[in-house]
Amino acid sequence: MNAWPDRLIAEFRDADKRAIALATGLNVNQLNWKPSPGAWSVGQCLEHLAVSNEIYGEAIANALISAPAGAANEITPGWFARYFIREYIAPTEKRTKHKAPPKIRPVADVDASILQRFLNTNRQSRDLVERARNIDVNRVRFKNPFVPLIRFTVGTGLEILAKHEQRHLLQAERVRNDARFPRA
């Protein structure tokens with residue numbers, strides 16, 4: 001039995017809970033507050049994740065359309081995918097900065113609907129996991145929408161979506177926990 005779908009669905013549900021805890025009750029000024037000029041706000045982190053989920057999710061969904069039935073016991077990214085996830089995607093306590101591709105850079109100011117938009121894209125990510133449950137996600141590949149020369153497996157793509165959320169939710173939590181964060 002493959003455990004990866006249930007693990008990823010749990011990670012996406014956990015991301016929902018974290019986002020709700022972060023953004024519920026914040027006004028637009030609080031959603032858009034930044035600790036420094038080059039930093040992202042709580043709202044921008046959520047917006048970046050929503051746009052990323054939409055674009056990456058569409059590429060994965062397209063790969064699933066013609067994917068043959070099969071199964072994978074676990075997701076097994078190759079060496080480059082493991083490196084990419086570790087260095088650019090997974091959450092880290094180091095405050096490393098990487099420039100987001102232009103397609104997924106957040107807007108300057110978000111509105112109050114950003115939490116719901118993020119939650120909607122997260123539901124779509126869980127739906128993708130369900131669609132991929134009976135597919136060999138280690139064999140079916142999709143074109144990376146940001147770097148077209150790179151083709152990841154669907155399994156790697158789903159891992160990237162989940163780990164990317166963890167990274168930027170941690171970033172948003174740091175913003176929200178900043179002593180200078182406006183409390184009203």
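**A friendly note on this predicted model**

1. Let us start with two helices that lie against each other. H3 and H6 run roughly antiparallel to each other, because their packing angle is about 175°, and angles over 145 degrees count as roughly antiparallel. The axes of the two helices are 9 Å apart. Two packed helices are described by exactly this pair of values, the angle between their axes and the distance between the axes. Please keep in mind that the model is predicted.

2. What kinds of residues make up the contact of H3 with H6? Sorted by class, there are 15 nonpolar, seven polar and two charged residues. As you scroll along the two helices, try to pick out residues of each class.

3. Next, the nonpolar cores. The largest one has 32 residues. Within this core, the residues with the most contacts are Trp4, Leu8, Ile60, Phe142, Phe152, Val154 and Leu158. Five helices give two or more residues to the core: H1 (4-23), H3 (42-65), H4 (79-89), H5 (114-132) and H6 (154-177). Which of them gives the largest share? That is H3, with six residues. Another core, of 24 residues, lies apart from this one, and Cys45, Val51, Ile114 and Leu115 are among its members. As background, nonpolar side chains in soluble globular proteins tend to be buried together.

4. Phe152 is a good place to zoom in, being one of the residues with the most contacts inside the largest core. Which residues does Phe152 touch, not counting residues up to four places away in sequence? They are Tyr56, Phe80, Ala81, Phe84, Val140, Arg141, Phe142, Asn144 and Ile160.

5. Now look at Gly157, which sits in helix H6. Is Gly157 buried or exposed? Gly157 is buried, because its relative accessible area is 0%, and buried means under 20%. Residues up to four places away in sequence aside, Gly157 touches Tyr56, Ile60 and Phe142. Tyr56 and Phe142 also appear in the list for Phe152, while Ile60 and Phe142 are among the residues with the most contacts in the largest core. From Gly157 to Phe118, which is 39 residues apart in sequence, the C-alpha distance is 18 Å.

6. Ser52 and His164 make a nice pair to study together. Ser52 belongs to helix H3 and His164 to helix H6. Both count as buried: Ser52 has 3% relative accessibility, and His164 has a relative accessible area of 9%. Leaving aside neighbours within four places in sequence, Ser52 is in contact with Gly57, Ile104, Leu161 and His164. On its side, His164 touches His48, Leu49, Ser52 and Ile89, again not counting residues up to four places away. Ser52 also shows how sequence and space can be read side by side: Phe118 is 66 residues from Ser52 in sequence, and their C-alpha atoms are 9.9 Å apart.

7. Glu54 is another residue of helix H3. How does the surface treat Glu54? With a relative accessible area of 31%, Glu54 is partly exposed. Once neighbours within four places in sequence are set aside, Glu54 is in contact with Arg117 and Thr121. The C-alpha atom of Glu54 is separated by 25 Å from that of Asn27, with the two residues 27 apart along the chain.

8. Asn2 comes in the segment before H1. Asn2 counts as buried, because its relative accessibility is 11%, and the cut-off for buried is under 20%. Which backbone oxygens lie by its side chain? A polar atom of the Asn2 side chain is 3.4 Å from the backbone oxygen of Ala72, and a polar atom of that side chain is 3.0 Å from the backbone oxygen of Arg133. With neighbours within four places in sequence left aside, the contacts of Asn2 are Ala72, Asn73 and Arg133.

9. Finally, Ala179 is located in the segment after H6. Is Ala179 buried or exposed? Ala179 counts as exposed, since its relative accessibility is 77% and exposed means over 50%. Ala179 and Pro35 are 144 residues apart along the chain, and 9.5 Å separates their C-alpha atoms.

Terms used
Residues are numbered from 1 along each chain as its sequence is written. This is a predicted model: local features need pLDDT of at least 70, side-chain atom pairs count only at pLDDT 80 or more; totals for chains, interfaces and linings use all residues. Side-chain values use heavy atoms; hydrogens and water are left out. A nonpolar core is a set of buried Ala, Val, Leu, Ile, Met, Phe, Trp, Tyr and Cys residues joined through side-chain atoms within 4.5 Å. Buried means under 20% relative accessible area, exposed over 50%, partly exposed in between (1.4 Å probe, protein chains only). Helices (H or I, at least four residues) and strands (E, at least two) are DSSP runs, numbered from the N terminus. Contact means heavy atoms within 4.5 Å. Axes are lines fitted to C-alpha atoms, for helices over the stretch in contact, and angles run from 0 to 180 degrees between N-to-C directions. Angles under 35 degrees count as roughly parallel, over 145 as roughly antiparallel, 65 to 115 as roughly perpendicular and the rest as oblique. Ala, Val, Leu, Ile, Met, Phe, Trp, Tyr, Cys and Pro count as nonpolar, Asp, Glu, Lys and Arg as charged, and the others, Gly among them, as polar. A polar contact is a pair of N or O atoms within 3.5 Å; within protein, one must be able to donate a hydrogen and the other to accept it, and residues adjacent in sequence count only if both atoms are side-chain atoms.
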